[in-house]
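Subject: A structure for you to look at

Hi,

Here is the structure I said I would pass on. Have a look at it first, and then read on for what turned up in it.

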Amino acid sequence: MAADPRVLALAARVAEGSERDVPGLLLKLKAIDNLLFLGRRLQARFIRAVKDEEKQDFLRYFQTVTDAICWLFGGHIQLTECVLQNDHFLKLLISDSVETAVTMMSVLHSILGVNSSVLLRVDEEILHSLLDELVYKLSSSTNPVIGNSATKLLLLMAKFCKQLLKLLAARYKGLNVLLSKQWTGKGFDRDLSQLLDLLYLEQSNGKEEVQRQHQAACVIQATWKGFQTRKRLKKLPQAVTALQRSFRAKREQELQLLEKQKEDEALKLQMQIQRQRAMRLFHERQLALLEIIHPSQINKHMQEMEVKSALTIQRFWRGYRARKNFHQQKQSLKEYKAAVIIQRAACKFLEKQRRKKTLSSWKDPKGLSDEQRVALQQKVDDYIKLHPASQMSEEMSKELHMQAQEKLAQFLLRSRLDQRAAQRRETLLAQVNTDVELLMNAPQLAETTEKDLAVFMSRSVPVATKAKESHNAMLKYARWPWWKKLGDEFEEDDVIPDDILNAELGSLFIGGRKSL
């Protein structure tokens with residue numbers, strides 16, 4: 001069988017070249033990649049094999065391949081980094097097979113023995129993957145061979161570099177507990193104790209570092225708290241003043257609350273006394289009536305009293321229900337008025353926009369040419385000839401003038417009468433609006449006082465009250481923000497809002513007669 005010419009050419013270059021050129025030539029040949037790939041295929045065949053003889057054969061072939069890899073990087077240490085950074089090497093190490101896993105860990109041990117600094121030159125991700133796999137084998141396996149190999153590898157890494165020891169102690173917090181509980185007394189206690197001592201020593205150093213950082217944090221906190229305390233002491237007079245003000249306000253509030261409670265208790269006591277007095281008077285009146293009324297009329301009198309009592313109860317109940325319904329309708333009435341204001345504002349805004357579009361679309365008519373002007377003049381002359389103006393005498397003109405004067409006088413008289421009738425209607429409507437608003441703002445029956453009764457009994461008090469409310473409403477309207485004047489922002493400058501007009505005219509004027 002003829003040899004591959006490329007292999008022959010490479011062999012010639014190796015024979016002619018120096019020893020330094022051999023690793024580069026091996027990399028070009030991809031010897032490491034091919035051997036690792038071959039090892040993966042042999043590992044897969046070994047795992048799938050059923051017979052013991054086949055397993056032993058594939059395992060022997062696999063060990064031959066790993067020995068070849070060790071022989072290569074044993075003669076050329078530059079290849080160790082290439083072996084660790086190869087994806088096939090990590091996949092060969094991540095295996096559930098005890099034989100192949102132990103073989104690959106021995107290869108890793110040989111790499112560290114040949115070139116102990118190679119772990120510092122590989123990528124951090126590859127280093128973490130190797131450490132994760134070794135710690136995983138220690139935590140998941142119970143085989144002493146696996147435990148011994150993984151422990152020796154971790155001990156070699158920890159002895160070689162302090163950075164790797166710090167990484168082990170920081171990345172795997174419970175590693176020392178796992179090693180002491182699971183692998184003590186399994187035949188490799190010497191290596192295990194050395195690894196545990198290194199881990200405990202690193203953890204103690206880490207604790208000292210944590211204590212030092214804790215002390216530094218305490219110093220910083222003490223300095224900051226001292227600064228804050230001095231700052232608060234500077235502001236202490238202002239804080240004392242604010243505290244005194246708050247205490248006085250709270251004490252004043254408590255006194256007001258206590259006084260209000262006393263007033264409420266006095267009012268309840270007074271109402272109870274009045275109720276008892278009313279009941280006593282009622283019973284005395286009943287006894288007096290019983291003495292006056294003939295015995296045969298007592299039943300009739302009692303029936304009349306029951307009817308009157310029932311009517312009184314019904315009247316009070318209907319009044320209470322009507323007032324309750326009226327107070328419930330207040331909110332819906334306010335919402336209705338608000339909706340009307342918003343709709344009015346939106347309609348005015350749309351109308352204004354429509355007017356702007358109409359005015360912008362209007363254009364001046366184009367001027368007439370001489371020919372069009374002559375033709376138009378000719379049409380006008382023809383129309384005047386066909387429809388001549390009628391002649392009117394002077395008496396007919398005077399008579400027509402007198403008729404126009406009579407019709408104008410009749411129209412003016414009729415307009416005055418209509419104006420007076422409209423004024424009476426507006427007066428009556430203003431009076432109704434005043435009564436409605438007084439009823440809306442009236443307090444509940446339990447809170448009614450004699451002043452509230454005077455408002456409804458006198459016709460002059462509502463006028464003064466409504467005038468004051470209208471004046472206050474005008475002042476409040478002048479101080480309103482823009483969002484409360486939503487219904488007025490689209491109006492013209494000389495237009496008075498309807499609400500203010502009603503407040504000035506409809507609410508204040510109550511004179512005149514009640515009926516037309």
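A residue is called buried when its relative accessible area is under 20%. By that cut-off, 21% of the 516 residues of the chain are buried. Please keep in mind that this is a predicted model.

First, the overall picture. The chain has 19 helices and 0 strands. Among the contacts with a separation of 6 or more, 73% are between residues 24 or more positions apart.

Now the core. The largest nonpolar core holds 58 residues, and those touching the most other members are Phe 73, Leu 84, Phe 89, Ile 111, Leu 119, Met 157 and Leu 179. Helix 4 gives the most to this core, with 8 residues. As a bit of background, nonpolar side chains in soluble globular proteins tend to be buried together. Leu 179 is worth clicking on: leaving aside neighbours within four places in sequence, Leu 179 is in contact with Leu 138, Thr 184, Leu 192, Leu 195, Leu 196 and Leu 199.

On to helix 4 itself, which covers residues 52-75. With 24 residues, helix 4 reaches 35 Å from its first C-alpha to its last, close to the 34 Å expected at 1.5 Å a residue. Which residues of helix 4 are buried? They are Phe 58, Leu 59, Phe 62, Val 65, Thr 66, Ile 69, Cys 70, Leu 72 and Phe 73.

Helix 4 packs with helix 7 (residues 98-114) at an angle of about 10°, and the two axes are 10 Å apart. Angles under 35 degrees count as roughly parallel, so helix 4 and helix 7 are roughly parallel to each other. From helix 4, the residues that meet helix 7 are Leu 59, Phe 62, Gln 63, Thr 66, Cys 70, Phe 73 and Gly 74. On the helix 7 side they meet Glu 99, Thr 100, Thr 103, Met 104, Val 107, Ser 110, Ile 111 and Val 114. By class, this contact between helix 4 and helix 7 has 8 nonpolar, 6 polar and 1 charged residues. Phe 73 and Ile 111 take part in this contact, and both are also on the list of residues touching the most other members of the core.

Helix 3 (residues 31-48) comes next, starting with Gly 39, which is found there. Is Gly 39 buried or exposed? Gly 39 is buried, with a relative accessible area of 2%. Not counting neighbours within four places in sequence, Gly 39 is in contact with Phe 62, Val 65 and Leu 92. Gly 39 and Phe 58 are 19 residues apart along the chain, and their C-alpha atoms are separated by 9.9 Å.

Leu 35 lies in helix 3 too. Setting aside residues up to four places away in sequence, Leu 35 touches Val 65, Ala 68, Ile 69 and Leu 72. From C-alpha to C-alpha, Leu 35 and Thr 66 are 8.0 Å apart, with their positions 31 residues apart in sequence. Phe 37, also found in helix 3, counts as partly exposed at 43% relative accessibility. The C-alpha atoms of Phe 37 and His 88 are separated by 6.4 Å, though the two are 51 residues apart along the chain.

Another helix pair to look at is helix 9 (residues 144-160) and helix 10 (residues 162-171), which pack at an angle of about 125° with their axes 5 Å apart. Helix 9 and helix 10 are therefore oblique to each other. Leu 154, Met 157, Ala 158 and Phe 160 in helix 9 meet Lys 162, Leu 164, Leu 165 and Leu 168 in helix 10. The residues of this contact divide into 7 nonpolar, no polar and 1 charged.

Last, helix 16 (residues 394-440). Its 47 residues reach 68 Å from the first C-alpha to the last, close to the 69 Å expected at 1.5 Å a residue. The buried residues of helix 16 are Thr 427, Ala 430, Gln 431, Thr 434, Leu 438 and Met 440. Met 440 is touched by Lys 330, which also touches Asn 441, not counting residues up to four places away in sequence. Lys 330 lies in helix 14 (residues 298-361). Lys 330 and Met 440 are 110 residues apart in sequence and 7.7 Å apart in space, C-alpha to C-alpha.

Cheers

Note on methods:
Residues numbered from 1 in each chain as written. Predicted model: local features only at pLDDT ≥ 70, side-chain atom pairs only at ≥ 80, totals over all residues. Heavy atoms only, no water. Axes fitted to C-alpha atoms, helices over the stretch in contact; angles between N-to-C directions. Helix = DSSP H or I, 4+ residues; strand = E, 2+ residues; numbered from the N terminus. Parallel < 35°, antiparallel > 145°, perpendicular 65-115°, else oblique. Contact = heavy atoms within 4.5 Å. Nonpolar A, V, L, I, M, F, W, Y, C, P; charged D, E, K, R; others polar. Core = buried A, V, L, I, M, F, W, Y, C linked by side-chain atoms within 4.5 Å. Buried < 20%, exposed > 50% of the residue type's maximum accessible area, 1.4 Å probe, protein only. Expected span 1.5 Å × (residues − 1).
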